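Me: I'd love a close look at one part of this model, and then a walk through a few other spots that connect to the wider fold. Please take your time with it.

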Amino acid sequence: LFIKICETNNWEYQIYGFEAHPDYCKTISEKYKSNKNIQIINKAITDTPGKIKLFLANSNGGEGNSIFRTKNNVTDQNVIVEGIRFSDWIKKNIPNFKSQTNVMRFNIEGAEWHLMHDLINNDMYKYFKVICGSTPDIPKVAELRDKLSEYNNLLIEHGIIVHRFTYVHETRNSDIAKLIKSK
């Protein structure tokens, strides 16, 4: 969806996609290998860098895997993956991050809790022109269920609006092109 928006508006773009599961990362990388503007990174977004368990979901196409064992729909079956702090990855890989137009879209099965804390603690959230996602998966993770209000308050306190942008019911999405042009 984002590629279409960029191409329709003749915008140059670089997409960095993160997929924690090695097999799904290979599949996605293969899908976009002909597009030099897309890089798929085999890492999980977490609050502590290093090896981490990715618990597998019984779902179609690998959707729903989570770094949280207590997330609904996941099983005890897991793979060990590399976890990173997103801010660390940005600092290491995007030297002009603060001076370019940044758009972030996430759906990370409860880890949005870690992502937002990381971006706020490192004062990086303000360098995203538009932040997109879907309904947070925090309530689907037993150890985070009571954190949804805190998460929402954290977003409000820092003026962060997470715009709807997903392939499910696309007509309900925010107008991302308009948001990018307006900011």
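Me: Which residues make the nonpolar surface patch, and what is its area?

Reply: Happy to take a look with you, keeping in mind that this is a predicted model. The patch is made by L1, Y167 and V168, and its nonpolar surface comes to about 280 Å². Of these residues, L1 lies in the segment before helix α1, which covers residues 2-8. L1 counts as partly exposed because its relative accessibility is 40%, a value between the limits of 20% and 50% for that class.

From there, let's move on to the strands. Strand β1, residues 15-18, pairs with strand β2, residues 38-41. The pairing is parallel and runs over 4 bridges. Within this pair, F18 stands opposite I41 of β2. To get from β1 to β2, the chain passes through helix α2, residues 22-31, and the resulting β-α-β crossover is right-handed.

Two loop residues are worth a stop for their backbone angles. Most residues other than glycine have a negative phi. N73, however, has a positive phi, near 80 degrees. You will find N73 in the loop between β4 (50-57) and β5 (74-84). With a relative accessibility of 58%, N73 counts as exposed. E109 is another non-glycine residue with a positive phi, in this case about 50 degrees. Its place is in the loop between β6 (103-106) and α4 (112-121). As for its surroundings, E109 counts as buried because its relative accessibility is 13%, and the cut-off for buried is under 20%. So the loop residue N73 is exposed at 58%, whereas the loop residue E109 is buried at 13%.

The loop that holds E109 leads us to α4, and that helix is also the place of D118. D118 is buried as well, with a relative accessible area of 6%. Which residues does D118 touch, once its neighbours within four places in sequence are set aside? The contacts are with R85, F86 and S87. Finally, a distance to help you place D118 in the model: D118 and L144 are 26 residues apart in sequence, and their C-alpha atoms are 16 Å apart in space.

To retrace the route, we began at the patch made by L1, Y167 and V168, followed the right-handed crossover from β1 to β2, paused at the positive phi values of N73 and E109, and ended at D118 in helix α4.

Notes:
Residues numbered from 1 in each chain as written. Predicted model: local features only at pLDDT ≥ 70, side-chain atom pairs only at ≥ 80, totals over all residues. Heavy atoms only, no water. Pairing = 2+ DSSP bridges. Helix = DSSP H or I, 4+ residues; strand = E, 2+ residues; numbered from the N terminus. Right-handed = clockwise from strand over helix to strand, strands pointing away. Patch = residues over 30% accessible without salt bridge, like charges linked within 9 Å, V, L, I, M, F, W, Y side chains within 5 Å. Areas by Shrake-Rupley, 256 points an atom, 1.4 Å probe, with all protein chains shown as cover. Salt bridge = Lys/Arg side-chain N within 4 Å of Asp/Glu carboxyl O. Buried < 20%, exposed > 50% of the residue type's maximum accessible area, 1.4 Å probe, protein only. Contact = heavy atoms within 4.5 Å.
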